[in-house]
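Reader: Hi! Could you take me through one small part of this protein up close, and then show me how that part sits in the whole chain?

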Amino acid sequence: MPDTSATVMVRPAKYADRDQWTQLFRGYRRFYGYNPDEDIVERVWSWIHDPTHELRALLAETTDHRVVGLAHFRRFTRPSTGTTGIFLDDLYTDPQLRRTGIGRAVLDRLAAIAAQEHHTVIRWITAQDNETAQRLYDTLATRTTWLTYDLVPTSHP
């Protein structure tokens with residue numbers, strides 16, 4: 001496959017991107033085995049465009065204005081170091097265009113944002129079996145030894 005990284009522009013999501021973003025986000029959710037849920041799709045889209053919400057989105061767009069990749073990210077504080085970072089929640093590219101440089105272009109843009117805003121790290125997690133993504137990530141970032149835990153909140157009487 002050709003390298004498309006030079007032919008994509010990575011930019012913030014706009015309202016006009018709704019349909020193309022929706023298709024990619026649905027694909028992302030399918031990829032990770034989430035049940036279809038249009039309420040979630042609507043909620044996340046509203047967060048992206050709410051200036052008071054922490055979530056932001058970048059989209060990779062081809063020269064013919066086709067959206068072929070997305071990234072959702074947010075800033076976070078790092079009390080242990082007295083710094084801030086960017087947490088990359090989601091990175092997804094059109095399955096037909098994987099391994100063509102789109103993911104790298106998105107991560108490069110995110111790194112530029114982090115540098116411009118003086119953040120000290122970009123952090124993310126990925127599925128243990130997502131070897132395609134890991135091949136890219138291993139060329140750009142340091143794999144950590146940290147484990148991830150999820151604790152489900154309980155209600156209190």
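Author: Sure, here is a look at two loop residues, followed by the chain around them.

This is a predicted model, where local features need pLDDT of at least 70, side-chain atom pairs count only at pLDDT 80 or more, and totals for chains, interfaces and linings use all residues. Residues are numbered from 1 along each chain as its sequence is written, and side-chain values use heavy atoms, leaving out hydrogens and water.

Start with R99, in the loop between β4 (83-93) and α3 (102-116). Helices (H or I, at least four residues) and strands (E, at least two) are DSSP runs, numbered from the N terminus. R99 isn't a glycine, yet its phi is positive, at about 65°. Most residues other than glycine have a negative phi. R99 counts as exposed because its relative accessibility is 68%; exposed means over 50%, buried under 20%, and partly exposed in between (1.4 Å probe, protein chains only).

Now hop to the loop between α3 and β5 (122-124), where you'll find H118. H118 is also a residue other than glycine with a positive phi, near 65°. Its relative accessibility is 66%, so H118 counts as exposed.

Zooming out, the protein chain has 4 helices and 5 strands, running β-α-α-β-β-β-α-β-α from the N terminus. Of its 157 residues, 39% are buried. Its C-alpha atoms fill a box of roughly 55 × 35 × 35 Å along the principal axes. Finally, take contacts (heavy atoms within 4.5 Å): among those between residues at least 6 apart in sequence, 59% join residues at least 24 apart.
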